[in-house]
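User: Please go through this structure with me and explain why each descriptive term applies.

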Amino acid sequence: MSLNSVNLIGRLTKDVELKTVGEGIKKGTFTLAVSRSYVSKGEEKPKCDFIPVVVWRGTADFAAKYFSKGMQVYVSGSIETYQTEKDGEKRNGFQINAKEVGFADSKHPSNNSGNTATGGDLPFDLPAPSDFADDDLPF
């Protein structure tokens, strides 16, 4: 048995980059800044990890349309590792292959209202987060 599952909440370090690859397949990439802490000499200290994320097809369209730099979002997916070679030196890397993404910021619509995207195309058009006033939100 094996398990490869990742769930993250963090902030986008820049807007989503959207490209078309292969035969018209949409690919979106972004980096998620995720906070964590560690203990050193008995003192808790903050740390930030910068996690590369890839989204595909309808999820890529959703992320490119509704996500922007600084926005807090959640990502659910799996870790994908790879190896590259540059100047004869092998380098290992990783990225998150996202299956689902959504808003995690309280200033944006609740995740329970369907404002998430998964691997397929979206069957509806979502309003942009900026179209909502704080008074419109149920929380």
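Analyst: In the pairing with β3, E17 has T29 opposite. This is a predicted model, in which local features need pLDDT of at least 70 and side-chain atom pairs count only at pLDDT 80 or more, while totals for chains, interfaces and linings use all residues. Residues are numbered from 1 along each chain as its sequence is written, and side-chain values use heavy atoms, with hydrogens and water left out.

User: What makes β2 and β3 a pair of strands?

Analyst: Strands are DSSP runs of E of at least two residues, helices are runs of H or I of at least four, and both are numbered from the N terminus. Two strands pair if DSSP finds at least two bridges between them. Strand β2 (residues 17–21) and β3 are joined by five bridges and run antiparallel, so they pair. They form a hairpin with three residues between them, and G22 in the turn has a positive phi of about 55°.

User: Which pattern do the helix and strands follow along the sequence?

Analyst: The order is β-β-β-β-α-β-β-β, from one helix and seven strands.

User: How do you know whether K14 and E17 form a salt bridge, and are they buried, partly exposed or exposed?

Analyst: A salt bridge needs a side-chain nitrogen of Lys or Arg within 4 Å of a carboxyl oxygen of Asp or Glu. The side chains of K14 and E17 have N and O 2.9 Å apart, so the pair counts as a salt bridge. For exposure, buried means under 20% relative accessible area, exposed means over 50%, and partly exposed lies in between (1.4 Å probe, protein chains only). K14 has 37% relative accessibility and is therefore partly exposed. E17, at 35%, is likewise partly exposed.

User: How many salt bridges does the whole structure hold?

Analyst: The search finds three. Another of them joins D61 and K26, at 3.3 Å from N to O. That pair links distant parts of the chain, D61 in helix α1 and K26 in strand β3, 35 residues apart. D61 has a relative accessible area of 31%, so it is partly exposed, and K26 is partly exposed at 28%. R36 also forms a salt bridge with D49, with the closest N and O atoms 2.4 Å apart. This bridge connects strand β3, which holds R36, to strand β4, which holds D49, across 13 residues. R36, at 41%, is partly exposed, and so is D49, at 24%.

User: Why is the pair of F62 and F67 called stacked, tilted or edge-to-face?

Analyst: The structure holds five aromatic pairs. The ring centres of F62 and F67 are 5.7 Å apart and the planes meet at 80°, so this pair is edge-to-face. The rule is that rings of Phe, Tyr and Trp (its six-membered ring) pair if their centres lie within 6.5 Å, with planes under 30 degrees apart counted as stacked, over 60 as edge-to-face and the rest as tilted. F62 is buried because its relative accessibility is 1%, and F67 is buried because its relative accessible area is 3%.

User: What angle do the planes of F67 and F103 make, and which parts of the chain does this pair link?

Analyst: The planes of F67 and F103 are 65° apart and the centres 5.8 Å apart, an edge-to-face pair. F67 sits in the loop between α1 (57–66) and β5 (72–86), and F103 in strand β6 (residues 89–103), 36 residues away. F67 and F103 are both buried. One aromatic cluster is formed by F30, F62, Y66, F67 and F103.

User: Which residues of the largest nonpolar core touch the most other members?

Analyst: A nonpolar core is a set of buried Ala, Val, Leu, Ile, Met, Phe, Trp, Tyr and Cys residues joined through side-chain atoms within 4.5 Å. The largest one has 22 residues, of which F30, L32, V53, V55, F67 and V75 touch the most other members. The elements giving two or more residues to this core are β1 (6–12), β3 (25–40), β4 (43–56), α1, β5 and β6. In soluble globular proteins, nonpolar side chains tend to be buried together.

User: Why is Q95 called buried or exposed, and what does Q95 touch?

Analyst: Q95, in strand β6, has 18% relative accessibility and therefore counts as buried. Contact means heavy atoms within 4.5 Å. Leaving aside residues up to four places away in sequence, Q95 touches P52, V54, S78, I79, E80 and Y82.
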